[in-house]
Amino acid sequence: MPTPELTPADWVNISLTEALLARDGPPLYVAAKLGCLAAVKVMCEAGTNVEVLGPNKQRPLHAAAAGGHESIAATLVSAGCDVDAQDEDGNTPLITAILNGHAAPVELLLAVGADIEIARLDGMTAIHIAQLPGTPKVIYELIMLGQEEI
């Protein structure tokens with residue numbers, strides 16, 4: 001997909017957005033966390049590093065998964081982010097989505113090939129986490145379907 005030509009006004013908006021968001025962490029991470037799809041799209045199109053590290057070494061895809069922001073997760077995946085990146089506790093974006101009870105990012109991440117067998121530092125995988133009490137049934141079923149495809 002060709003990169004759209006950005007006008008000087010676009011660059012000013014990008015710079016202002018990044019400056020405002022940077023107060024709470026890396027701009028792309030904060031935009032993903034807050035659910036700011038337009039800001040995420042602009043920053044991805046402008047070539048922002050999609051693997052920038054936020055708190056606990058989480059990446060923007062972790063933040064999108066934690067917030068249930070499927071469109072942002074899809075934008076980040078399209079921009080080339082690592083769907084199996086682990087934070088400092090070993091959580092992948094898939095595990096993060098499961099822990100936060102968000103089925104839409106779970107479904108998206110499974111569809112793009114997220115590995116359900118990656119273990120956190122405590123040895124638990126997405127399969128283990130999906131079996132914990134309180135996990136929504138739809139998430140458990142998505143993970144079990146993903147396990148059958150391995």
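The legends below describe close-up views of a predicted model of one protein chain.

**Figure 1. Overview of the helical chain.**
The protein chain contains nine helices and zero strands. Along the sequence the pattern is therefore written with helices alone, as α-α-α-α-α-α-α-α-α. Of the 150 residues in the chain, 42% are buried. Among contacts with a separation of 6 or more, 62% join residues 24 or more positions apart. The chain has an accessible surface of about 7800 Å², and carbon and sulfur atoms account for 54% of that area.

**Figure 2. The largest nonpolar core.**
This core comprises 39 residues, and L76, L94, V106 and I143 have the most contacts inside it. Two or more residues come from each of α2 (27–34), α3, α4, α5, α6, α7, α8 (126–130) and α9. The largest contribution, five residues, is that of α2. Leaving out residues up to four places away in sequence, I143 touches L94, I98, V106, L110, I116, A126, I127 and A130. Two of the core residues with the most contacts, L94 and V106, thus appear in the view as partners of I143.

**Figure 3. Helix α2 and its burial.**
Six of the eight residues of α2 are buried, so this helix is largely enclosed by the rest of the structure. The buried positions are P27, L28, Y29, V30, A31 and A32. After the helix comes G35, with a positive phi near 80°.

**Figure 4. Packing of α2 on α4.**
The axes of α2 and α4 lie 7 Å apart and form an angle of about 10°. The two helices are therefore roughly parallel to each other, since angles under 35 degrees fall in that class. On the α2 side the meeting residues are L28, Y29, A32 and K33, and on the α4 side they are P60, A63 and A64. Of the α2 residues in this interface, L28, Y29 and A32 are among the buried residues of that helix.

**Figure 5. Packing of α3 on α5.**
Here the angle between the helices is about 5°, and their axes are 10 Å apart. This pair, α3 and α5, is therefore also roughly parallel. From α3, the residues L37, V40, K41 and C44 meet S71, I72, T75 and L76 of α5. One of these α5 residues, L76, is listed among those with the most contacts inside the largest nonpolar core.

**Figure 6. T75 in helix α5.**
This view is centred on T75, a residue of α5. With a relative accessibility of 15%, T75 counts as buried, because the cut-off for that class is under 20%. The side chain of T75 reaches the backbone oxygen of S71 at 2.9 Å. Apart from neighbours within four places in sequence, T75 is in contact with L37, V40, K41 and C44. These four residues are on the α3 side of the packing between α3 and α5.

**Figure 7. E45 in helix α3 and its separation from A79.**
E45 belongs to helix α3. This residue is partly exposed, at 35% relative accessibility. From C-alpha to C-alpha, E45 and A79 are 8.1 Å apart, while in sequence they are 34 residues apart.

**Figure 8. Positive phi at N56 and K57.**
Most residues other than glycine have a negative phi. N56 has a positive phi, near 55°, and K57 has one near 60°. N56 lies in the loop between α3 (37–45) and α4 (60–67), and K57 is placed in the loop between α3 and α4 as well. With a relative accessible area of 41%, N56 is partly exposed. K57, at 49%, is also partly exposed, because the exposed class starts over 50%.

**Figure 9. Helix α7 and its packing partners.**
Helix α7 spans residues 103–111, and its buried residues are P105, V106, L108, L109 and L110. These buried residues pack against α4, α5 (70–78), α6 (93–99) and α9 (137–148). Both V106 and L110 are touched by I143. V106 is also named among the residues with the most contacts inside the largest nonpolar core. The helix is followed by G113, which has a positive phi near 95°.

Key. Residues are numbered from 1 along each chain as its sequence is written. This is a predicted model: local features need pLDDT of at least 70, side-chain atom pairs count only at pLDDT 80 or more; totals for chains, interfaces and linings use all residues. Side-chain values use heavy atoms; hydrogens and water are left out. Buried means under 20% relative accessible area, exposed over 50%, partly exposed in between (1.4 Å probe, protein chains only). Contact means heavy atoms within 4.5 Å. A polar contact is a pair of N or O atoms within 3.5 Å; within protein, one must be able to donate a hydrogen and the other to accept it, and residues adjacent in sequence count only if both atoms are side-chain atoms. A nonpolar core is a set of buried Ala, Val, Leu, Ile, Met, Phe, Trp, Tyr and Cys residues joined through side-chain atoms within 4.5 Å. Accessible areas come from the Shrake-Rupley method with a 1.4 Å probe; for residues, only the protein chains shown count as cover. Axes are lines fitted to C-alpha atoms, for helices over the stretch in contact, and angles run from 0 to 180 degrees between N-to-C directions. Angles under 35 degrees count as roughly parallel, over 145 as roughly antiparallel, 65 to 115 as roughly perpendicular and the rest as oblique.
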